[in-house]
Amino acid sequence: EECVKALKLDSFHLVGLSLGGGISGLYSSMYPDRIKTLTLMDSYGVKPVAESDFLKVYARGENPLFFRTPAEYDLTMTYVVDKPQDIPAHFKSYLAKESSKRYDAYSAAMKNEINVQGWDMLRPHLSRIKAPTLVLWGEKDRVFHVSCAEIFRKGIWNSRVEIIRDAGH
């Protein structure tokens, strides 16, 4: 809310991806008159009907969404895109080096959000979202199962869902 005030925004369009989708959805439920339209892409915030590959490994204490090494980068890509592209080793090393600087902070923030709010944190707030909402989901999302899209559609009155074929997270 402080950022919105600093930017002097009265109303605006809001888009969120993954954890950012959960934050965008929560904000939209708290300040429904400010949001013109909402787009949620592969959004965090509702517990899926079918458990995703990510939720299975996260339950074992692993988090393949963050990486510190080129090998971990490769694993992360299998979770976030349907068909990972091969990139040069020196570029992977650079990305891993940069990502490792934020690894602990990002991991702790995600763990804290999930432990405090829970996987289903947004569901009780969906009915308060009033903005026309587009829910976009990758058909092959391994992070948050595609069944989440229908939960968002049912919970948000003025929403529609588009499933993107052959797309991951």
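Which residue of strand 4 does Leu 134 stand opposite? In the predicted model analysed here, local features were accepted at pLDDT of at least 70 and side-chain atom pairs only at pLDDT 80 or more, whereas totals for chains, interfaces and linings use all residues. Residues are numbered from 1 along each chain as its sequence is written, and side-chain values rest on heavy atoms, with hydrogens and water left out.

Leu 134 stands opposite Arg 160 in strand 4. Helices (H or I, at least four residues) and strands (E, at least two) are DSSP runs, numbered from the N terminus; two strands are taken to pair if DSSP finds at least two bridges between them. By this criterion, strand 3 and strand 4 (residues 159-164) pair in the parallel sense over 6 bridges. Between these two strands, the chain passes through helix 6 (residues 147-155), forming a β-α-β crossover that is right-handed. A crossover is given this hand if, with the strands pointing away from the viewer, the path from the first strand over the helix to the second runs clockwise.

Strand 3 also pairs with strand 2 (residues 35-41), in the parallel sense and over 4 bridges. Here Val 135 of strand 3 is the bridge partner of Leu 40. Strand 2 in turn pairs with strand 1 (residues 12-17), again in the parallel sense, over 5 bridges. Within this pairing, Leu 14 has Leu 38 of strand 2 as its bridge partner. The connection from strand 1 to strand 2 runs through helix 2, and this β-α-β crossover is right-handed.

Burial was assigned from relative accessible area (buried under 20%, exposed over 50%, partly exposed in between; 1.4 Å probe, protein chains only). Strand 3 (residues 133-138) is largely enclosed by the rest of the structure, because 5 of its 6 residues are buried. Thr 133, which is placed in strand 3, is buried with a relative accessible area of 4%. Thr 133 stands opposite Ser 159 in strand 4. From Thr 133 to Ser 24 the C-alpha to C-alpha distance is 11 Å, with the two positions 109 residues apart in sequence.

Among the helices, helix 4 (residues 70-80) has Tyr 73, Thr 76, Met 77 and Tyr 79 as its buried residues. These residues lie on the same side of helix 4, because they cover an arc of only 155 degrees around the axis, the arc being that of the directions from the helix axis to the C-beta atoms. Ser 28 belongs to helix 2 (residues 19-30) and counts as buried at 1% relative accessibility. In contrast, Ala 89 of helix 5 is exposed, with a relative accessible area of 57%. The C-alpha atoms of Ala 89 and Pro 70 are separated by 7.6 Å, the two residues being 19 apart along the chain.

Backbone geometry was examined next. Most residues other than glycine have a negative phi. Asp 42, however, has a positive phi near 45 degrees. Asp 42 lies in the loop between strand 2 and helix 3 (53-59) and counts as buried at 6% relative accessibility. Asp 166, likewise not a glycine, has a positive phi of about 55 degrees. Asp 166 is found in the segment after strand 4 and is partly exposed, with a relative accessible area of 40%. The C-alpha atoms of Asp 166 and Ser 28, 138 residues apart along the chain, are separated by 29 Å.

Open space was assessed on a 1 Å grid over the protein atoms alone, where a pocket is an open set of points at which a 1.4 Å probe fits, with protein on both sides within 12 Å along at least five of seven lines, and lining residues have an atom within 4 Å of a point. The largest pocket holds about 250 Å³ of space, a volume being the space filled by probe spheres set on grid points joined across faces, edges and corners. Its lining comprises 13 residues, of which Leu 17, Ser 18, Leu 19, Leu 65 and His 169 lie nearest the centre of the largest pocket. Helix 5 (residues 89-117) gives the most to this lining, with 4 residues. By residue class, the lining of the largest pocket divides into 10 nonpolar, 2 polar and 1 charged, where Ala, Val, Leu, Ile, Met, Phe, Trp, Tyr, Cys and Pro count as nonpolar, Asp, Glu, Lys and Arg as charged, and the others, Gly among them, as polar.
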